Each structure stands twice: as structure tokens, then as C-alpha cells.
Amino acid sequence: MIVAPVTSPVDSASPLASESIWLPKGDWIEWETGRHFTGPVKMTRRFSISQIPVYVPAGTILPMAPPMQYSNQKPLDPLILTVFPQNPGSSSRYTLYEDAGDSRAYQQNQATWTPITAQESKGDLVVRVEPERGSYPGMIHARGYQLRLPGDWPPASVTANGKTLIYTTKTGTTGWHYEGNTLTTIITIPSMSTSKQLVVHVRRPMNLIERRAELDGYACKMTRLREAYYDVTAI
């Protein structure tokens, strides 16, 4: 990940700040806006005061935790996996490392490793969370999962270990829902044993697969529109 803090002053007319950004070789996604860039490239981007520019390689698997007051306040449950858009036919992988976090037992290999892969083919995405390996004192043996797919169209269907997940409007309940403002599909999977494999299969509508380029940067336009609306209504 590349974080590029905005240090330039806001333009009095826009009100946006211009910032010079450099990205190394590769395919990059601007997290909040969904814009795609091919590096190496140096560019000038404009941001509002609420935006923090963060760039991730296409296809990145980013593990995240629920909100906490401090590290290890509570178990990593659910495990939140943000999987960024991939190039057609590509795949990515990540290994999640965990230990007790309150001792040096990790030096004696008291820890766990969980391989995670994501592969896209013809618009379909398959995410696999393999059984964790290893052990450490106090580890949990079951947890739920939340899969987030930013910069995406709503899926045609979603299955978890072969079972169909239904569309739901309630955040946090088993199934999937779609955030139109952020163009993000959110899939919620109930608690299951960490010793078992999880396979999530996301099928996208055929008529939308070829229109993915239309999503490039669209989330940014939605953000700017909301900010402009709030500015006007605050007057």
C-alpha cells in the first residue's frame, strides 16, 4: 500500500487540494475513488479535505479487523477481507499471520498462518480461505467472515461452500448486500471452524462484465456530489 498524505493547501475556488503522486511500476487502484492507474507514473491529483489518498495494487487481498480501542481488545471475529478488482484471468494470494500478541511465544513458532487466494475468470470471482496452520495460546477456533468487493457491480449470485447466499438489506446478517454510494459488494458469512476451508464464488451478470470500465473513478464522483450537497444544505 502507498499512502500519500495531502500537504498542499485547499484551493479557495474548488475547494480541493492538488497533490503530486508517484506510483511505481504495476497496476494500481486509488482506494476511495476506484480510479485505476498504470505505473510508473507521476501525476497531479485533486482531493477534498475528507480524502486520504491510498493506493493498492490491483487484486490486493487486504485483511482487516472490526473496530477496536486497542490491539487484541477482542478476537479477530469477523475477519474482514477486502479484495480489490483484478485484471481478467489473474489471481492473487495472501497469508494471514496471527499470534497471541502478548508474549514472545511466537519466537517458538506459536502462531497460525492462513493462506487466502482470489482468482477471477470471465467475470467470476472465487475467494478461498484455507484451513489455518499452527497454534498459539488463546487462539480462537471459529469465526465469521465479511468479504468486501469495492469498485464492483452487484453480483448475479453468491455461494459460500456451495450454499447460495441471499440478498439482504440488513448489515451484518448472513447474505450479501450492495452499497451503491461506494460501489461495494459486502458478503457476510456466519461463524465456522477455522480448520475448514471457505470457498466463496461470486458470479456477475454477463451484461455487466464488459462494462466494468464504467466504474473507474465513479465512486469519487459520488463522494464529490455528496460533499457538494452537504455544503449547499449547510448554508
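# Exercises on a predicted model

In β6, the residue that serves as bridge partner of L62 is T82. The model in which this pairing is found is a predicted one, and the exercises below start from this strand before turning to other parts of the chain.

## Exercise 1: Strand β6 and its partners

Task: Find which strands pair with β6, in which sense each pair runs, and how many residues of β6 are buried.

Solution. Begin with strand β5, residues 61–64, which pairs with β6 in the antiparallel sense over four bridges; the bridge between L62 and T82 links a residue to its partner in β6. Next, turn to strand β11, residues 142–149, which is joined to β6 by four bridges and runs parallel to β6. In β11, the residue that faces L79 as its bridge partner is Y145.

For the second part, take the residues of β6 in turn. In a regular strand the side chains alternate between the two faces of the sheet. In β6 itself, L79, L81 and V83 point one way, while I80 and T82 point the other way, and all of these are buried. The count is therefore five buried residues out of five, a residue being buried when its relative accessible area is under 20%.

## Exercise 2: The open sheet

Task: Give the order of the four strands in the open sheet, and state which strands lie at its edges.

Solution. The order of the strands is β1-β4-β2-β3, and their pairing is antiparallel. The edge strands, each of which pairs on one side only, are β1 (2–3) and β3 (36–47). Looking at β3 in more detail, one finds that eleven bridges join it to strand β2, residues 17–30, and that the two run antiparallel. Within this part of the sheet, S18 stands opposite R46 in β3.

## Exercise 3: Two residues compared

Task: For R35 and H177, decide whether each is buried, exposed or partly exposed, and list their contacts outside the neighbouring sequence.

Solution. First locate R35, which lies in the loop between β2 and β3. Its relative accessibility is 28%, so R35 counts as partly exposed. When residues up to four places away in sequence are not counted, R35 touches W28, I29, E30, R45, D216 and G217. As a further step, consider T112, which is 77 residues from R35 in sequence and 35 Å from R35 in space, taken from C-alpha to C-alpha.

Then locate H177, which has its place in strand β14, residues 175–179. The relative accessible area of H177 is 8%, and H177 is therefore buried. With its neighbours within four places in sequence left aside, H177 is in contact with Y167, T168, T171, T184, T185 and I186.

## Exercise 4: Two pockets

Task: Describe the volume and lining of the largest pocket and of the second largest pocket.

Solution. The largest pocket holds about 800 Å³ of space. It is lined by 36 residues, of which W31, F84, P85, P150 and G151 are the closest to its centre. Sorted by class, this lining has 15 nonpolar, twelve polar and nine charged residues. The elements β15 (184–193), α1 (206–209) and α2 (218–233) each supply at least two residues of the lining, and the largest share, three residues, comes from α2.

The second largest pocket has a volume of about 350 Å³. Of the 17 residues in its lining, those closest to its centre are N72, K74, L76, D99 and Y136. By class, the lining of this second largest pocket has nine nonpolar, four polar and four charged residues.

## Exercise 5: Aromatic pairs

Task: How many aromatic pairs does a search of the whole structure find, and how are the rings of F37 and Y55 arranged?

Solution. The search of the whole structure finds four aromatic pairs. In the pair of F37 and Y55, the ring centres are 6.3 Å apart and the planes stand at 65°, so the pair is edge-to-face. This pair links distant parts of the chain, since F37 is in strand β3 and Y55 is in strand β4, residues 54–57, with their positions 18 residues apart in the numbering. Both F37 and Y55 are buried.

Another aromatic pair, formed by Y167 and W176, is edge-to-face, at 5.0 Å from centre to centre and with 65° between the planes. In this pair, Y167 has a relative accessible area of 48% and is partly exposed, whereas W176, at 10% relative accessibility, counts as buried.

Notes. Residues are numbered from 1 along each chain as its sequence is written. This is a predicted model: local features need pLDDT of at least 70, side-chain atom pairs count only at pLDDT 80 or more; totals for chains, interfaces and linings use all residues. Side-chain values use heavy atoms; hydrogens and water are left out. Two strands pair if DSSP finds at least two bridges between them. Buried means under 20% relative accessible area, exposed over 50%, partly exposed in between (1.4 Å probe, protein chains only). Contact means heavy atoms within 4.5 Å. On a 1 Å grid over the protein atoms alone, a cavity is a set of points where a 1.4 Å probe fits but cannot get out, and a pocket is an open set with protein on both sides within 12 Å along at least five of seven lines; lining residues have an atom within 4 Å of a point. Grid points are joined across faces, edges and corners, and a volume is the space filled by probe spheres set on the points. Ala, Val, Leu, Ile, Met, Phe, Trp, Tyr, Cys and Pro count as nonpolar, Asp, Glu, Lys and Arg as charged, and the others, Gly among them, as polar. Rings of Phe, Tyr and Trp (its six-membered ring) pair if their centres lie within 6.5 Å; planes under 30 degrees apart count as stacked, over 60 as edge-to-face and the rest as tilted.
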